[in-house]
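User: Please take a close look at the nonpolar core of this chain, and then relate it to the surrounding strands and to the chain as a whole.

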Amino acid sequence: TDTIALSRAWSLVLSGRYNWARIATRDESGEAPAIDGTSTYRRFNPAAGATWTSEGGTNVFGGVSQGMRVPSPVELTCADPDAPCTLPNIFVADPPLAPVKATTYELGVRGRPSSGTFYSAALYRTDLADDIQFVSAGGGAVNAGYFRNVGDTRRQGLELTGGAAIGP
């Protein structure tokens, strides 16, 4: 990561992170070899942002970043639509799942208008690719299903924070 001061008021932040994850499930007992499986995930996740700070200290910020979430062992071992499972239950080596990839956009403002007071407001939007959800197996099975990549989903919202010191 690096922060570059473009002027007294403007800063640019650039960063990158390489994620490497290996998830292995192994049968230590020798009684359930179907548990054995390994999944490996690799991804470079960049981020960039900018801030502007006024003479009075108000800070306006914005940025975009990418990230990745690898499937958990329970998601990886319950991913076969032909062999649904109930949760939580058994670990077996099922078909691989793609990692969830996220791109987040954020824009906000923060400041300290007087001694002991502060505020912050930010809008965010995260677009997920290859999100993972538990899908019902159907066919009358109660609480049975499997995890699968379901495509694109979105999380977005507004965060508001404020506070003030009362007394010493």
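Analyst:

**The nonpolar core and its setting**

In this predicted model, the largest nonpolar core comprises 15 residues, and those with the most contacts inside it are Tyr41, Leu76, Cys78, Leu97, Ile132 and Phe147. Three strands, β6 (100–111), β7 (117–136) and β8 (144–164), each contribute at least two residues to this core. Strand β7 gives the most, namely three residues.

The wider fold is as follows. The chain contains one helix and eight strands, and their order along the sequence is β-β-β-β-α-β-β-β-β.

Pro71 is a useful point of entry to the core. This proline sits in the loop between β4 (59–69) and α1 (73–76). Its relative accessible area is 1%, so Pro71 is classed as buried, the limit being under 20%. Leaving out residues up to four places away in sequence, Pro71 touches Ile23, Tyr41, Leu76, Leu97, Ala98, Pro99 and Ile132. Among these partners, Tyr41, Leu76, Leu97 and Ile132 are also listed with the residues that have the most contacts inside the core. Pro71 and Ala21 are separated by 50 residues in sequence, and their C-alpha atoms lie 10.0 Å apart.

Ser39 shares some of these partners. Ser39 belongs to strand β3 (residues 37–53). With a relative accessible area of 14%, Ser39 is buried, because the value falls under 20%. Beyond its neighbours within four places in sequence, Ser39 is in contact with Ala21, Arg22, Ile23 and Leu76. Two of those names, Ile23 and Leu76, also occur among the contacts of Pro71.

Gly145 offers a view from strand β8, where this glycine is placed. Its relative accessible area is 0%, so Gly145 too is buried. Residues up to four places away in sequence aside, Gly145 touches Cys78, Pro84, Cys85, Phe134, Val135, Ser136 and Ala137. Of these, Cys78 is one of the residues with the most contacts inside the core, while Phe134, Val135 and Ser136 fall within the span of β7 (117–136). Gly145 and Ala79 are 66 residues apart in sequence, with a C-alpha to C-alpha distance of 8.5 Å.

Other positions on β7 and β8 are partly exposed. Phe118 is found in strand β7, and its relative accessibility of 35% places Phe118 in the partly exposed class. Not counting residues up to four places away in sequence, Phe118 touches Gly111, Arg112, Pro113, Thr161, Gly162, Gly163 and Ala164. Within this group, Gly111 belongs to the range of β6 (100–111), whereas Thr161, Gly162, Gly163 and Ala164 belong to that of β8 (144–164). Phe118 and Ala164 are 46 residues apart in sequence, yet their C-alpha atoms are 6.5 Å apart.

Glu159 lies in strand β8 and, at 46% relative accessibility, likewise counts as partly exposed. Residues up to four places away in sequence again aside, Glu159 touches Ser120, Ala121, Ala122 and Tyr124, and these positions fall within the span of β7 (117–136). The C-alpha atoms of Glu159 and Ala122 are 5.2 Å apart, although 37 residues separate the pair in sequence.

Asp130, also in strand β7, calls for attention on account of its backbone. Its phi angle is near 65 degrees, a positive value in a residue other than glycine. Asp130 has a relative accessibility of 25%, and is therefore partly exposed, as the value lies between the limits of 20% and 50%.

The chain as a whole gives the context for these local features. Among contacts between residues at least 6 apart in sequence, 56% join residues at least 24 apart. Buried residues account for 26% of the 168 residues. The radius of gyration is 23 Å, whereas a compact globule of 168 residues would have a value near 15 Å. Along the principal axes, the C-alpha trace spans about 65 × 35 × 35 Å.

The surface and the charges complete the description. The chain exposes about 10600 Å², of which carbon and sulfur atoms supply 55%. The chain carries 14 positive and 16 negative charges, and the mean positions of the two sets are 10 Å apart.

Definitions and conventions:
Residues are numbered from 1 along each chain as its sequence is written. This is a predicted model: local features need pLDDT of at least 70, side-chain atom pairs count only at pLDDT 80 or more; totals for chains, interfaces and linings use all residues. Side-chain values use heavy atoms; hydrogens and water are left out. A nonpolar core is a set of buried Ala, Val, Leu, Ile, Met, Phe, Trp, Tyr and Cys residues joined through side-chain atoms within 4.5 Å. Buried means under 20% relative accessible area, exposed over 50%, partly exposed in between (1.4 Å probe, protein chains only). Helices (H or I, at least four residues) and strands (E, at least two) are DSSP runs, numbered from the N terminus. The radius of gyration is taken over C-alpha atoms; the globule rule is 2.2 Å times the number of residues to the power 0.38. Contact means heavy atoms within 4.5 Å. Accessible areas come from the Shrake-Rupley method with a 1.4 Å probe; for residues, only the protein chains shown count as cover. Lys and Arg count as positive and Asp and Glu as negative; His and the chain ends are not counted. The place of a charge is taken as NZ of Lys, CZ of Arg, CG of Asp or CD of Glu.
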